[in-house]
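Here's a quick tour of a protein model with a ligand in it. Have the sequence and the 3D view open as you read.

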Amino acid sequence: MTRGVRAYGDTGKSLEVIAGVGLGDRSRKSRWPARMDFLQSATGLALGLFMWGHMLFVASILVSNDSMWRVTKLFEGYYFFGKSYPGIVSAIVAIVFALFMGHAFLAMRKFPASYRQYRTFLGHRTLMAHTDTTLWWVQVVTGFLLFFLGSAHLYQMLMHPGDIGPYGSGDRVWSGHWWPLYLVLLFCVELHGGVGLYRLAVKWDWFGGDDPDGTRRHLSAFKWGITAFLLVLGLATLAAYMKIGYEHRDRVGEEYVPTWLQEDGRQRGTQ
Ligand code: HEM
């Protein structure tokens, strides 16, 4: 039996039309949509958890310059090898970047692909008037912005891992004019990550219980709590880098020396 659709060219010979050939009469439905959905959730979860860690590590600047210097050196392997290897940071960034691109690729297939699809979604949103449907749109818009803002930041980190530190970061944020990008990126990533983790928990029914509606209300409250906390922390962190960068604006490029080494140096100078 002939499969697919037949068309007739100028010669009168029949040709197979490639698009859609045989899809209708396949014996088994493809498992790929399910696999892709699972992968999208898994990469999203990994990125969401990474971002919690990221915000805490970057916020070490709020404790002191020395604390942030220590965190930077930890990731450069200084405490394991006795020497700094910024290449380790690049390797971590490369993994995160791959996850980021994979997640974006998988998510893209859910974006409205035409004005007609967009109008259909708007119709559904108005009809349902449910916060979770509206939040899905927040995911789409912030996700779209993250393509650009996140990539710019990741590429910078990938190529200049040695420029991370109290002065290096402060100089980049202030004198390198990165703070406007970080400000928008911060709101996008916290909204996207918070809503994303919440949707994962609802979708895969992680905390179902006997009262799913009640669980969802609790999860929603938890999500807004975490988002608000991370936004306040992120804004305070960004302000701290801006202040350091501003005060250091005449000495851009100078490397930070931790307090105890500065003291050692001073003592040696007086001997
Ligand atoms: C391994 C990958 C990453 C590394 C090593 C990294 C490192 C850093 C560092 C050192 C800063 C401080 C400012 C600076 O030095 O320029 C920073 C800030 C920031 N990063 Fe990342 N980052 C990574 C991935 C990401 C990703 C994937 C996102 C979101 C898509 C992100 C969002 C931000 C935001 C919003 C800030 C501003 C800080 C704040 O306001 O608290 N980063 N990052």
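What follows goes from the overall fold to the ligand site and then to the nonpolar core.

This is a predicted model. The protein has 10 helices and 2 strands. Going along the sequence, you meet the two strands before the helices, in the pattern β-β-α-α-α-α-α-α-α-α-α-α. Of its 271 residues, 34% count as buried.

Now zoom in on the ligand. A shell of 21 residues surrounds the ligand, and H54, H153, S169, R172 and Y182 are the closest of them. By type, the shell splits into 15 nonpolar residues, 5 polar ones and 1 charged one. Six helices each put in at least two shell residues: α1 (32-58), α4 (86-108), α6 (131-159), α7 (166-174), α8 (179-203) and α9 (212-247). The biggest contributor is α1, with 5 residues.

Three side chains come up with polar atoms close to N or O atoms of the ligand, and here are the distances:

| Side chain | Ligand atom | Distance |
|---|---|---|
| H54 | nitrogen | 2.8 Å |
| H153 | nitrogen | 2.9 Å |
| S169 | oxygen | 2.6 Å |

The two histidines in that table do something else too. The ligand carries an iron atom, and H54 and H153 both coordinate this iron through NE2, at 2.0 to 2.1 Å. Since H54 sits in helix α1 and H153 in helix α6, the pair ties together parts of the protein that are 99 residues apart in sequence.

What is the arrangement of the 6 donor atoms around the iron atom? It's octahedral, because the angles they subtend run from 85 to 179 degrees. For reference, the ideal angles for six octahedral donors are 90 or 180 degrees.

Are the two histidines buried or exposed? H153 has 14% relative accessibility, so H153 counts as buried. H54 comes in at 22%, and therefore counts as partly exposed. The cut-off for buried is under 20%.

Finally, the core. The largest nonpolar core holds 32 residues, and I61, L146, L154 and Y182 touch the most other members. At least two residues of this core come from each of α1, α2 (65-75), α4, α6, α7, α8 and α9. The largest share, 7 residues, belongs to α9. Nonpolar side chains tend to be buried together in soluble globular proteins.

One residue links the two parts of this tour: Y182 is among the closest residues to the ligand, and Y182 is also one of the core members with the most contacts to other members.

Notes
Residues numbered from 1 in each chain as written. Predicted model: local features only at pLDDT ≥ 70, side-chain atom pairs only at ≥ 80, totals over all residues. Heavy atoms only, no water. Near = heavy atom within 4 Å. Polar contact = N/O pair within 3.5 Å; in protein donor to acceptor, adjacent residues only side chain to side chain. Helix = DSSP H or I, 4+ residues; strand = E, 2+ residues; numbered from the N terminus. Nonpolar A, V, L, I, M, F, W, Y, C, P; charged D, E, K, R; others polar. Donors = N, O, S within 2.8 Å, 3.2 Å for Na, K, Ca; no water. Tetrahedral: all angles 85-135°; square planar, octahedral: opposite > 155°, others 65-115°. Buried < 20%, exposed > 50% of the residue type's maximum accessible area, 1.4 Å probe, protein only. Core = buried A, V, L, I, M, F, W, Y, C linked by side-chain atoms within 4.5 Å.
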